[in-house]
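Here's a quick tour of a few spots worth a look, mostly strands and how they pair up. Have the viewer open and follow along.

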Amino acid sequence: MTQKLKRQSQTWLITTALVFIGLVGPAVMAHPGSGIAVDRQGQIYFLHTGSGLWRIDRRGQATHLSRTRFHWLAVDEDDCFGNTQFPSGPLGEIIKVGTNPTVLLSSDYPIAIGRDGNLYYPSGGAGNLRLMRMEPSGSSSVVVALPPMANGRALPHIGGIFAGADGSLYYTEDGAVRRISARGQVGAAVTVEPPTNAPSIPATDEHPYLRGLAVDAQTVMYVADSGDARVLKITPNGRIATVVQTQSPWAPTAVALFGRDVYVLEFLHTASDMRREWLPRVRKISADGTSTIIMTVERMPGAR
C-alpha cells in the first residue's frame, strides 16, 4: 500500500493506492462504514470501508492502524476487553486493535461500550432483535427485546448505538431514535421526517436513513441521516435542527463528540457495491459552529 500525506490549508489529504488483494474478504453489507470515535486525548479514530482503521492525532497526523475493513467501532479506553475472546460466526465478528486504548472493530452490527465497562450490541433477526450486554469475561446476557416493528415492517437492524452518561442507551431505526433507560425500558421514539426536497444519494432510497449517533451530557443527540445527507441535532424536548447539510453524493454515516466539538464521518456514496469507491472524509464542527473538513482519503490515479 502506498501512502502520501500532505497538508493543504486546514485540510489534511491522505492519498493512498489501495491494493485489495490480501485484505479482508468481500463486502458483507452494501453500504459504507459507520465508525468514528474520539478518545480521552482527543485522537480521532475512523473506519474506511476500503482500507481499514485510521487514527488522527492531536497534531493532525494520520496513521493507518489496521487493514480490517469492518463497519463499526468502539474505543475501549480502559482496555477492559484486551483479553476477551470474542466469538465469531454468521452473525458477525469483533476484533481488537492496539492497546491504551483498545479499539474494537465490528463487522456486521453497531457496538458501544457503556460507562459500566460492558459492551452493548444488537442480536437476532428481523422482528426479533434483542439488545445484548457482554462483560469483559466474555459472558453475555439480554438487556431487552427491541420493539419488533418500525415504519410498518419488521425491524431488520439498527443503524447505530450509543451509551449515554446516565446509563441510558440510544439507538437508531431508519427513521427514528429510541432510548433505553438504565433499567432496560425502551422509550418512545423521536421520529424524524424527511426534508421537503430530499436529496438523491446513490444506492440510498430511504428518507430519512438514520445511522450513527452521539449524545452529550445534556442528552442532546447528534444523528447522521445518510439518506438525506445531513447531521441532525435533537434536543431533549424533541426539537430537531440540521447542523450540517452535505451535497450528494457525499453523506454522513456517523458522529462523535469531544467536549463541545462534533466530528462527522462522511462518505462519497456510489451506486456500485465497490468499497474502493466509497471514499471517506472527516468533518469537525467547532463549538462556535465553524465547519471544516480536516481529513479526506483519496485513491491515487490508477489505483486498483
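How many bridges join strand 16 to strand 17, and do they run parallel or antiparallel? Four bridges join them, and the two strands run antiparallel. Keep in mind that this is a predicted model. We'll start from that pair, move along to the strands that follow, then visit two open sheets and two buried residues.

**Strands 16 to 19**

- Strand 16 covers residues 160-163, and Ile-161 sits opposite Tyr-171 of strand 17.
- The link between strand 16 and strand 17 is a hairpin with five residues in between. Have a look at Gly-167 in that turn, where phi is positive at about 90 degrees.
- Strand 17 (residues 169-172) also pairs with strand 18, again antiparallel and with four bridges. Leu-169 has Ile-180 of strand 18 as its bridge partner.
- Strands 17 and 18 make a hairpin too, with three residues between them.
- Strand 18 spans residues 176-180 and is mostly covered, with four of its five residues buried.
- Strand 18 goes on to pair with strand 19 (residues 190-191), antiparallel over two bridges. Here Ala-176 is matched with Thr-191 in strand 19.

**The three-stranded open sheet**

- Three strands line up in the order 7-9-8 as an open, antiparallel sheet.
- Strand 7 (72-76) and strand 8 (94-97) are the edges; each has a single partner strand, so one side of each lacks a neighbour in the sheet.
- From one strand to the next, the twist averages 25 degrees.
- Strand 8 and strand 9 (residues 102-106) are held in antiparallel register by four bridges. Val-97 has Val-103 of strand 9 as its bridge partner.

**The four-stranded open sheet**

- Another open sheet has four strands, ordered 10-11-12-13, with antiparallel pairing.
- At its edges are strand 10 (112-113) and strand 13 (140-145), each of which pairs on one side only.
- Strand 12 (residues 130-134) meets strand 13 through five bridges, in the antiparallel sense. Within this part of the sheet, Leu-131 is across from Val-144 in strand 13.
- As a general reminder, strands of a sheet pair through backbone hydrogen bonds, either parallel or antiparallel.

**His-31, in a loop**

- You'll find His-31 in the loop that runs between strand 2 (11-17) and strand 3 (36-38).
- His-31 counts as buried because its relative accessibility is 12%, and the cut-off for buried is under 20%.
- Its side chain makes a polar contact of 3.0 Å with the side chain of Arg-211.
- Beyond its neighbours within four places in sequence, His-31 is in contact with Thr-49, His-71, Trp-72, Tyr-209, Arg-211 and Trp-278. Arg-211 thus shows up both in this list and in the polar contact.

**Val-244, in a strand**

- Val-244 belongs to strand 23 (residues 240-245).
- Is Val-244 buried or exposed? With a relative accessible area of 6%, Val-244 is buried.
- Not counting residues up to four places away in sequence, Val-244 touches Ala-229, Arg-230, Val-231, Glu-266, Arg-283, Ile-285 and Ser-291.
- Take Ala-229 from that list: the C-alpha atoms of Val-244 and Ala-229 are 8.3 Å apart, with the two residues 15 apart in sequence.

Technical notes:
Residues numbered from 1 in each chain as written. Predicted model: local features only at pLDDT ≥ 70, side-chain atom pairs only at ≥ 80, totals over all residues. Heavy atoms only, no water. Buried < 20%, exposed > 50% of the residue type's maximum accessible area, 1.4 Å probe, protein only. Polar contact = N/O pair within 3.5 Å; in protein donor to acceptor, adjacent residues only side chain to side chain. Contact = heavy atoms within 4.5 Å. Pairing = 2+ DSSP bridges. Axes fitted to C-alpha atoms, helices over the stretch in contact; angles between N-to-C directions.
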